[in-house]
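The following exercises concern the open and enclosed spaces of a protein model and the placement of a ligand. Each task is followed by a worked solution.

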Amino acid sequence: MTEVTSADGELRTAKLAAETRLALLTALVDAISVGVILIDRDLVVAQWNKEASRLTGIPAEKVLGRPASVLGEAIAPRVEDFPSVQAHLQDAFGPAAISEFPITILEPRREIDISVSPAVLPSDGTQIGSVIVLHDSTAARELERAKDELIGMVSHELRTPLASLVGFTELMLDRTFSEEQQKQYLGTMLKEGRRLTDLINDFLDLQGLEGGYKKLDLGPAELRTAIARAIATLEGEAQNQIEVDLPKDLPLVMADTNAIMQVLLNMLSNARKYSPEGGPIKVSARVVDDLVEVSIQDNGLGVPSEALPKLFNKFFRVASPDRRQISGTGLGLAISRRIIEVHGGRVGAESAGLGHGSRFYFTLRVVPADATSGDVLLVEDDVGFARLLEAELAVNGLSSVWAPDAETADHLIGQIAPRAVVLDLMLPGGSGEDFLARLRAAKGDGLPVVVVTIKELDVSETLALRTSGVVAVLKKHSGAAKEAALFVSEALTRQVRR
Ligand code: ADP
């Protein structure tokens, strides 16, 4: 009686151990991010993990514990070219060989690499089943295809100007031409050479943005100034009247000023390029919730409705007779879209059709209130140096707010109360000295200011800065950020003591 009970107990313990092992194995197989299917030696489906269900669309209940032949029936309507998949599967369960083949699952389309290998007993090598592993390679294949397509497009685009350059060079070496003809050919060559340079530069820009290695430096930015600067950069080219209409209280946006200048330049120069008859261009902005939308409206050639969704694609150019003479790379808007997307914004275009002008727009996020508080205001256009200053000030326990130009700093001064300012004198647009005067008028003489500049200052200039309450004038060099942070920290400590 006791013996039977103990044998019973052992049996129950062994059963429990086996169940536990199976449960652990199932949990392990389910946790793996590849599809795993086990077929036992009686050709019955013994394991079917979650990923196998996700990849094939076949739930475990439909196949688990059933003959492997149901697998064929279940998968037949879901796979491309079933006969060849079936042939592969039949071969795969043959004697101890590893078999690998790709399959394509339909709706949603997935490309899956399958490998089938025998499961053997370690003691004597007897085959006790087969392991099928399913690996989803859809994303990798798509990336490969996109890369190939891009390389194809780029080589095609580069070939045209290159062929023209080589062709004209050969022609001029082979024959003698009048001076006038030579000039004309050289002019064409120069144009094609420039186009080649533009293509390569644009392409590298785009690759940099897409590869993620061209990092943008986001900080509070004044759009009014960026727009004015972009328009000033375009001056000198064919004149269209550019009207700027911005709301008075346009808030600061979170942006990399240089990158936004590139977007503005692209959209403004397009507005000009594609308005060959001239015609006014209007730059406007409006605030929608926590976004600012900037629009560039022209009265030029317009865009046909079927082209609108493709305008921001790489190398897309509208093919119409009226713009055959207008040169371009078809990459500008693709670059603009990428830049705006990295900012978390959106781009778009509207047009009432050919000949009816167009409106291109982009959105940027308004600077959130908590991003404009800090102990020290850094007015510095050199992003690298600004970041270094930020780090050195942080070492001294001070937080900072960065303004890339004097206009953004003006805006910030109206909004925040910094305890100190680090100021560069050579700024794009308004000078540092002028900003200092405005700062003193707004905040009085008490605010400590440290000047860091590459500008060669003579004695009278340094003296003028000193008399307007600048606590230190430092020459910009590698250690200057650390020195500036120390001067700021000391000035603030002195203030507290007083
Ligand atoms: P491109 O170097 O060709 O100007 P973009 O990427 O800047 O390249 O623009 C793509 C295409 O969009 C242009 O070729 C042009 O056909 C169309 N496009 C862009 N801006 C305008 C505009 N303001 N008016 C009409 N068409 C435009």
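## Exercise 1: The second largest pocket

The second largest pocket of this predicted model has a volume of about 460 Å³. Determine which residues lie closest to its centre and which element supplies the largest share of its lining.

Solution.
1. The lining comprises 20 residues, and those closest to the centre of the pocket are Ala 146, Leu 150, Gln 207, Glu 210 and Lys 314.
2. At least two lining residues come from each of α6 (138–174), α7 and α10.
3. The largest share belongs to α6, with 8 residues.
4. Sorted by class, the lining holds 10 nonpolar, 3 polar and 7 charged residues.

## Exercise 2: The largest pocket

State the volume of the largest pocket and describe the residues of its lining by class.

Solution.
1. The largest pocket encloses about 1000 Å³ of space.
2. It is lined by 39 residues, of which Asn 270, Lys 273, Tyr 274, Gly 328 and Thr 329 are closest to its centre.
3. Four elements, α7 (179–211), α9, α10 and β12, each give at least two residues to this lining, and α9 provides the largest share, 8 residues.
4. The lining divides into 15 nonpolar, 14 polar and 10 charged residues.

## Exercise 3: The ligand

Locate the ligand among the pockets and identify side chains with polar atoms placed close to its nitrogen and oxygen atoms.

Solution.
1. The ligand occupies the largest pocket.
2. The elements contributing two or more residues to the shell around the ligand are α9 (257–273), α10 (332–342) and β12 (358–365). With 4 residues, α9 makes the largest contribution to this shell.
3. In total, 21 residues surround the ligand, the closest being Tyr 274, Asp 298, Arg 317, Thr 329 and Leu 333. The shell consists of 9 nonpolar, 8 polar and 4 charged residues.
4. A ligand oxygen lies 2.8 Å from a side-chain N or O atom of Asn 270. For ligand nitrogen, the distance to a polar side-chain atom of Asp 298 is 2.8 Å, and that to a side-chain N or O atom of Arg 323 is 3.0 Å.
5. The protein buries 98% of the 530 Å² that the ligand exposes when taken alone.

## Exercise 4: The cavity

How many cavities of 30 Å³ or more does the structure contain, and which residue classes make up the lining of the largest cavity?

Solution.
1. The search of the whole structure yields 1 such cavity, with about 70 Å³ of space in the largest cavity.
2. Its lining includes Ile 37, Thr 56, Phe 101 and Ile 114.
3. Two or more lining residues come from each of α4 (69–75), α5 (82–92) and β5 (127–136).
4. By class, the lining has 9 nonpolar residues, 1 polar residue and no charged residues.

Note on methods:
Residues numbered from 1 in each chain as written. Predicted model: local features only at pLDDT ≥ 70, side-chain atom pairs only at ≥ 80, totals over all residues. Heavy atoms only, no water. Near = heavy atom within 4 Å. Polar contact = N/O pair within 3.5 Å; in protein donor to acceptor, adjacent residues only side chain to side chain. Areas by Shrake-Rupley, 256 points an atom, 1.4 Å probe, with all protein chains shown as cover. 1 Å grid on protein atoms, 1.4 Å probe; cavity = no way out; pocket = protein on both sides within 12 Å on 5 of 7 lines; lining within 4 Å. Sits in = over half its atoms within 2 Å of the grid points. Nonpolar A, V, L, I, M, F, W, Y, C, P; charged D, E, K, R; others polar. Points joined across faces, edges and corners; volume = space filled by probe spheres on them.
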